[in-house]
Amino acid sequence: MKISFIPIILSILVIAGCSSLMLKPGEFAWPVESVLSVDSHGNIQNDRYSFSINVKSLLFEETQDSVNISKVSLRMIRDVKGFYYITASRFKNVYVFEQSEGALTLQKKILVAENGLNDPAFNQRIPYIQLVNGQNPTLLLTNDGVIEGEKK
């Protein structure tokens with residue numbers, strides 16, 4: 001019985017050719033948060049990271065107002081895994097987005113303040129994102145939600 005190795009070798013090459021190229025480890029964190037003003041068209045732009053996106057739907061989701069958008073300053077940071085965290089003063093939530101083709105897709109909406117945030121700020125505390133809100137307890141966030149509160 002003669003075994004032909006050609007089909008076996010071709011199968012191995014085809015399977016190996018279908019695997020995707022992965023470059024790792026990768027670290028995608030922004031070292032500090034960006035404070036981005038929303039323009040009258042609902043866009044934010046960060047020249048440092050060559051980033052721009054329309055946030056009208058996010059503002060409507062949080063405030064139920066699609067008219068008074070140009071007075072909002074969003075706070076945004078990116079974690080080591082590449083997730084984007086967005087919030088603003090008076091927001092009740094932190095929105096966690098992941099990058100998709102030509103868009104950001106909501107991955108998680110994290111309730112952080114029933115009465116809205118007063119003076120939010122993000123810090124990078126690898127592997128977490130730290131949310132500071134004035135005199136309130138500091139929270140550690142991941143793309144899955146709140147990890148724990150920190151003592152000040």
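Where does V80 lie with respect to β4 and β5? In this predicted model, V80 is found in the loop between the two strands. A good way to place that loop is to begin with the sheet to which its flanking strands belong.

The sheet is open and has five strands, arranged in the order β1-β4-β5-β6-β7 with antiparallel pairing. Its edges are formed by β1, spanning 34-37, and β7, spanning 103-111, each of which pairs on one side only. From one strand to the next, the twist averages 30°. In general, strands of a sheet pair through backbone hydrogen bonds, in either a parallel or an antiparallel sense. Here, β6 (residues 93-100) is joined to β7 by eight bridges in the antiparallel sense. Within this pairing, Y95 has K109 of β7 as its bridge partner. Helix α2, covering residues 56-63, packs on the sheet and touches β4 (73-78), β5 (84-87), β6 and β7. The direction of α2 makes about 155° with that of β6.

With the sheet in view, it is worth returning to the loop. Is V80 buried or exposed? V80 counts as buried because its relative accessibility is 16%, and the cut-off for burial is under 20%. Leaving aside residues up to four places away in sequence, V80 touches G26, E27, F28, A29, Q124 and I126. For one of these contacts, A29, the chain separation can be set beside the distance in space: V80 and A29 are 51 residues apart along the chain, yet 4.2 Å separates their C-alpha atoms.

Key: Residues are numbered from 1 along each chain as its sequence is written. This is a predicted model: local features need pLDDT of at least 70, side-chain atom pairs count only at pLDDT 80 or more; totals for chains, interfaces and linings use all residues. Side-chain values use heavy atoms; hydrogens and water are left out. Two strands pair if DSSP finds at least two bridges between them. Helices (H or I, at least four residues) and strands (E, at least two) are DSSP runs, numbered from the N terminus. Axes are lines fitted to C-alpha atoms, for helices over the stretch in contact, and angles run from 0 to 180 degrees between N-to-C directions. Contact means heavy atoms within 4.5 Å. Buried means under 20% relative accessible area, exposed over 50%, partly exposed in between (1.4 Å probe, protein chains only).
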